[in-house]
Amino acid sequence: MAKRFAYFVGLLVVASWGATARAQSTQFSLDLGHQWTDVSGNNDVYRSQVNEGQGLLLRSFSLTTVDNSDGSKFFDHLRIDAAGIGADPQASFRLSAGLAHVYDLRFSYRHSEFYNALPGFANPLFASGFAPGEQTINRALDTVNLDVTVLPGSAVTPLFGYEWVRYSGSARSTAAVGQNEFQLLSNLGETTQEVRGGIGFSVGGFSGRILQGWRYFNSTQADQLLPGAGAGNYPQPVLGQPVTLASYLDRTHTTGTTPVTTGYLTGRLADGVRLVASFSRADFSTDTSDDEAAWGTLASFKLSRFYSGLLESVQAHAESLDWQGNARVEAEVLDGLDVTVGYTQRHRDLDGLATIADLYANTVNFSGADPKNVSTLINAQDAIQRDEKVVEARISSNNLGPLHLWAGWARADQNLDVSPAAAEIVVPGGQGGRFDRVVKRTSAGATLALADVKLAVDWKKDDADNAVVRTDYLNLERWRGRATWTAGKFLQLVGTAEHIKAENPTPGIDQASTTKHWEGNVVLTPVTALSVSLGYGVYKVDSAITIRTPQDFGLEPSLYTEDGTSKDASLTYKVGRFGFDAGYSQFENSGDLALKLDRTTVGCDFDFTPTLGASLRFDKHMYREIALPIDNFDAKIYGVFLRWHN
Amino acid sequence: MSTWFRVFCAVSVPSLLAGAALAATAPAKGPDDAFAPCSTCHEEITTPFASNPHVHEAVTGKAVCEGCHGDATKHAEKGDKSLIKVPAGAAGAKVCLACHQRTPEFDHAAKGFHASASVNCTDCHSVHHSPATAPALLRTNPSTQLCESCHPAQQNLFGKPYAHHLGRGGLECVSCHNPHGGRGERSLKTTSAGELPCLSCHTEKQGPFVFSHVSGFEGNCLTCHEPHGSNNPKMLIRARVDQLCLECHTTLPAGTLGSQPPSFHDLRSARYQNCTVCHVAVHGSNSSPMLLK
């Protein structure tokens, strides 16, 4: 990684030097250095939340150059941005280049590391002192994207694109086998590629584009028993026999293809009347083969037998068709009065078929008699179809000076058909059927822009006639407001408020939830060199819904609350070659999962010359959970960086 | 890693080296050629404007400035500010959109949330005074600072313990949102297949799965997750997984979708408070109707 990092930085430096050798219009900046971390407390929780590492780090790089010279050339504008390359688990690189009326190219790369290992999550053995939980992830995502436009600005513009996504790495998971759960080591390698091509056009007042893409998906996951985990989560015997695994292997391979068609059209139908239409269609298809082999002393309540081996083979095929079309007309019906009318239709269906063949080896019944191998064969078929039709209208004013008013209305008709696989049914009810729901939405809003004051308010209300899943609301009302006051460059005040109330009073569901969120920010700039910012926020959630506990089918309310407050302060000071910034933020929640989070950041910059400088950074994170102190951590991150810019 | 690196090198190295060589050898063209007569009085604007992308869009035979400011002849003769068009506010947005409103990305730019007297193009973009390192002529770099100046509440959600790492490694608000989009879900950048932006990165949850969690049809990622940030692990909307599951998986009353767990799921035992220990394929499975693998 260090070698690759050095090559990368070297490349950027060479490019910067080359591009600026005859600098007519080139801007670049580079921020490169080293950072160190010092973590005490729970390192897994630190990595799950922050995950900054130590080592070389290219914090940022930016280069923009424009070549206005006559004569032949490969590009007349070039821009490169890079960030987080090295010790940061999130890295990106973007390049855009082009030659007027010839081509336009955009290339991007992003690298993200996903780490998650928490003591209390997916951990049935937490009370016994086992940590972290049984589902952990240490994987990385790499994404490459390339888009090329040929002859930009012409009547017809060929378009090409390519995307490559790789998600891979290890994880810990679990398998439920033979009336016990066992911890697994899991390895995933998954690649998604998409090739696309099409044309853009601009003819006679209409413009648009048609793109055809093909997405290919290939995934292989291999799971094996975690060394030492053969006793399972529950060493208690089942009917006198311990349930253990001697070995476990599972390999799943999935391939998929998805042709994707998208179309877009916009243009003037008449003076002041604009048509916008779009269409997309994606035809997903996946094929999966899964082979599982488990050996040990196992039990099956379904067969009423003990057994010593399970061989499972699954062949599955799933198809899903998604399409949606949208058309709307925007018209200025009166001077300063706009009306928009639109219609959207969406369709999605799924057909899934799986053949699941199991061979239970060396079975005996619970009395120890009748030894034999038992095989089962399940053909499971699944189908879901969802259709939605949305009609909407919106009216807005645009000639009331600083005042802008709008109001909207929409109606969505949703239909869902679910045909569950027979194998899924364990307790009758709730697995399938036809569900219809109509949601009517009314909304309105206003903005006012005066010299120093900006006010905005918007409101929406949804009324539904039915709930498809229990957490669907029947009524929802949301208010949002924002106020900004600016006193020259000296002072800026921003306040926002949001209130959401949703409910479904149907007996047996009794759902009610409210969200309240206020924020206030003050930015003071007493002199150009100094800026001070203070913020305070309150975030409250109260939710209640009736649930039925499985063990006795009793009813009880499921209550969830958040009562969070956030405070933050920051200061920046820059004079001459010296710059200083500091920030502090605190977030505290006294609702469910009470916690406190403090973050401090301090940095200073100094330019030795007009183009060369250095910066020092220090970040501190302090995380405290009230109920689960094992999650707590303190982390300090130090960094020294060289800054080079023109 | 090696594959992406090869792809990256194949694209970027030739571009970079060619660009560097060209920039090093190309004769510079004086700004006066393109900006006359404006550069006579406004050199502080026209000189840095040479690296502005609008220079290339305005290659129409006219002076660059006239592309947005119109005919400057009278203004140049008399020096009267009222004789030159200065695009600003909602009216100024129309000047921008005359060229920019041709693609789906700008589909709602004229009637969307960021198109009013309060908020419009020049609140976020500065054609003349954008910092050199800022992309898309934004007023700040990174762009998240602009979003945060009006949306501090959303900014603070990213300050919760389990959150997307906003501002790091190129992850910005605009990674998922289209500021020129419409309201609600139309402000989201969907994948080429029209899926939520979540699936741009979390590709393993795309499916289709033979045994799909129906939330993929009736609902979406936001049914269970807070996209900006959450107090709860995995950015869930509930602190306990069994609580989240049971709020849908209770067959009471009849008529809603969501099966009831069988009675051996005794929630008094830690074993059954952790639904995803067994139901590991909670986003969908091709081999287990119960989403067990």
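Two strands pair if DSSP finds at least two bridges between them. Strands (E, at least two residues) and helices (H or I, at least four) are themselves DSSP runs, numbered from the N terminus. This is a predicted model, where local features need pLDDT of at least 70, side-chain atom pairs count only at pLDDT 80 or more, and totals for chains, interfaces and linings use all residues. Residues are numbered from 1 along each chain as its sequence is written, while chains are lettered from A and ligands numbered from 1 in the order in which they are written.

**Exercise 1. Follow strand 11 of chain A to the strands it pairs with, and find the bridges and turns.**

Step 1. Start with strand 10 (residues 244-270) of chain A. It pairs with strand 11 (residues 273-300) of chain A in the antiparallel sense, over 23 bridges. To see one rung, pick L249(A): its bridge partner in strand 11 of chain A is A293(A).

Step 2. Check the turn. The hairpin of strands 10 and 11 of chain A has two residues between the strands, and G272(A) takes a positive phi near 80° there.

Step 3. Now go to the next partner. Strand 11 of chain A also pairs with strand 12 (residues 305-334) of chain A, again antiparallel, over 26 bridges. Here S280(A) stands opposite Q324(A) in strand 12 of chain A.

Step 4. In this second hairpin, of strands 11 and 12 of chain A, there are four residues between the strands, and S304(A) has a positive phi near 55°.

**Exercise 2. Do the same job for strand 6 of chain A.**

Step 1. Strand 5 (residues 103-116) and strand 6 (residues 136-150) of chain A run antiparallel and share 14 bridges. One of the pairs is E113(A) with A140(A), the latter in strand 6 of chain A.

Step 2. Strand 6 of chain A is joined by 14 bridges to strand 7 (residues 156-177) of chain A, also antiparallel. Look for L141(A) and you'll find Y167(A) of strand 7 of chain A opposite.

Step 3. The hairpin of strands 6 and 7 of chain A has five residues between the strands, with L151(A) at a positive phi near 55°.

**Exercise 3. Describe the surroundings of W479(A).**

Step 1. Place W479(A): it sits in strand 18 (residues 475-487) of chain A.

Step 2. Count C-beta atoms, placed from the backbone, within 10 Å: 20 or more others make a residue buried, 12 or fewer make it exposed, and anything in between is partly exposed. W479(A) has 14, so it is partly exposed.

Step 3. List its contacts (a contact is two C-beta atoms, placed from the backbone, within 7 Å). Beyond neighbours within four places in sequence, W479(A) touches W459(A) and H499(A).

Step 4. Try a C-alpha distance too: W479(A) and E498(A) are 19 residues apart along the chain, yet their C-alpha atoms are separated by 5.6 Å.

**Exercise 4. Work out which parts of chain B touch chain A.**

Step 1. Get the totals: chain B gives 106 residues to the contact and chain A gives 160.

Step 2. Find the elements. Those of chain B that give two or more residues include helix 1 (2-25), helix 10 (152-157) and helix 13 (241-248). Helix 1 of chain B has the largest share, with 16 residues.

Step 3. Sort chain B's side by type. Ala, Val, Leu, Ile, Met, Phe, Trp, Tyr, Cys and Pro are nonpolar, Asp, Glu, Lys and Arg are charged, and the others, Gly among them, are polar. The split is 57 nonpolar, 34 polar and 15 charged.

Step 4. Look up the confidence, pLDDT, which the predictor gives each residue from 0 to 100. Chain B averages 81, and 85% of its residues score at least 70. Among the elements of chain B, helix 1 has the lowest mean, 50, while strand 3 (residues 229-230) has the highest, 95. Over residues 18-31 of chain B the pLDDT falls below 50, though this stretch has 40 contacts in the model beyond near neighbours in sequence. For the complex, the predictor gives an ipTM of 0.92 and a pTM of 0.91.

**Exercise 5. Is helix 13 of chain B mostly covered or mostly open, and what lies over its buried residues?**

Step 1. Helix 13 of chain B is mostly covered: eight of its eight residues are buried. Among them are D242(B), L244(B) and E247(B).

Step 2. Look at the cover from both chains. It includes strand 21 (530-548) and strand 22 (555-575) of chain A, along with helix 14 and helix 15 of chain B.
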